[in-house]
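Good morning, and thank you for the invitation to speak. Please keep the structure in view while I talk.

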Amino acid sequence: MPYLVAGVVFVGVLCAFDLVLTLAVVRRLREHAALLNSGRAQAPFTPVGTALPEFTASTLDGTTVTRAFFTGPTIVGLFSTTCAGCRETLPDFTDQIRGSDSRHVLAVIEGEQAEAEPFITALSPLATVVVEPVSGPVNTAFGHPATPSFYVVDEDAVVTSSTLTPAGLPVPART
């Protein structure tokens, strides 16, 4: 009988120790999640004041886009077909740019055109759309930032605003 009591006490102490370790792991995971979420609110890789280098890309309709595309304050949205956050922020971005001049909104979708169809469908009526491969010319010009990333670029192709959420963009001029 004393062995049975000792065994039950040992198992009880072992379970209590396991519970303490599990709670410590959960606490650390919450700390890491908070750190990751706070990093999400930081600006993308291309800082404000950066002049974009020369680049050449083609839009869906075959028009060439270069630094000369920026003829005034232009909103640029960078998306990826493999990014869950991009799909989540797409409706917010389209709401933000709705009614603006599509010549002053550039949407860049990184990935294969077949996979980009949901983005193309949502963005084509509202923006100039470029679909390019990973590390394509526009993404490279922006320093291949995290996606989604949003910028405002002036007529000199200088970044004047950058954010990771469409809500951080200034409201574009309406047509």
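I shall describe the sheet, then its strand β4, and finally the nonpolar cores.

Please bear in mind throughout that this is a predicted model.

Let us begin with the sheet. In what order do its 5 strands lie? The order is β5-β4-β3-β6-β7, in an open sheet whose pairing is mixed. At the edges stand β5 and β7, the latter spanning 159-163. Each of these has a single partner strand, so one of its sides has no neighbour in the sheet. From one strand to the next, the twist averages 20°.

The word "mixed" can be followed pair by pair. β3 and β4 are parallel and are joined over 6 bridges; here V76 stands opposite L106 of β4. Between these strands the chain passes through α2, and this β-α-β crossover is right-handed. β4 and β5 are likewise paired in the parallel sense, over 5 bridges, and A107 has V129 in β5 as its bridge partner. A right-handed β-α-β unit is formed by β4, α3 and β5. β6 and β7, by contrast, run antiparallel and are joined by 4 bridges. Y151 stands opposite S162 in β7.

I turn now to β4. Is this strand buried or exposed? Of its 6 residues, 6 are buried, so the strand is largely enclosed by the rest of the structure. In a regular strand, side chains alternate between the two faces of the sheet. In β4, V105, A107 and I109 lie on one side, while L106, V108 and E110 lie on the other. Both faces are covered, and all of these residues are buried.

What, then, of the helix α2? It lies across β3, β4 and β6, and runs at about 160° to β3.

This brings us to the nonpolar cores. The largest has 21 residues, and F79, F93, I97, I109, F119 and L123 are those with the most contacts inside it. At least two residues each are supplied by β3, α2, β4, α3, β5 and β6. Which element gives the largest share? That is α2, with 4 residues.

F93 deserves a closer look. Apart from its neighbours within four places in sequence, F93 is in contact with I75, G77, F79, V105, L123, F150, P166 and L169.

There is also a second, separate core of 18 residues, which includes F55, V65, L106 and Y151. We met two of these names earlier: L106 opposite V76, and Y151 opposite S162.

Thank you for your attention.

Conventions
Residues numbered from 1 in each chain as written. Predicted model: local features only at pLDDT ≥ 70, side-chain atom pairs only at ≥ 80, totals over all residues. Heavy atoms only, no water. Core = buried A, V, L, I, M, F, W, Y, C linked by side-chain atoms within 4.5 Å. Buried < 20%, exposed > 50% of the residue type's maximum accessible area, 1.4 Å probe, protein only. Contact = heavy atoms within 4.5 Å. Pairing = 2+ DSSP bridges. Axes fitted to C-alpha atoms, helices over the stretch in contact; angles between N-to-C directions. Right-handed = clockwise from strand over helix to strand, strands pointing away.
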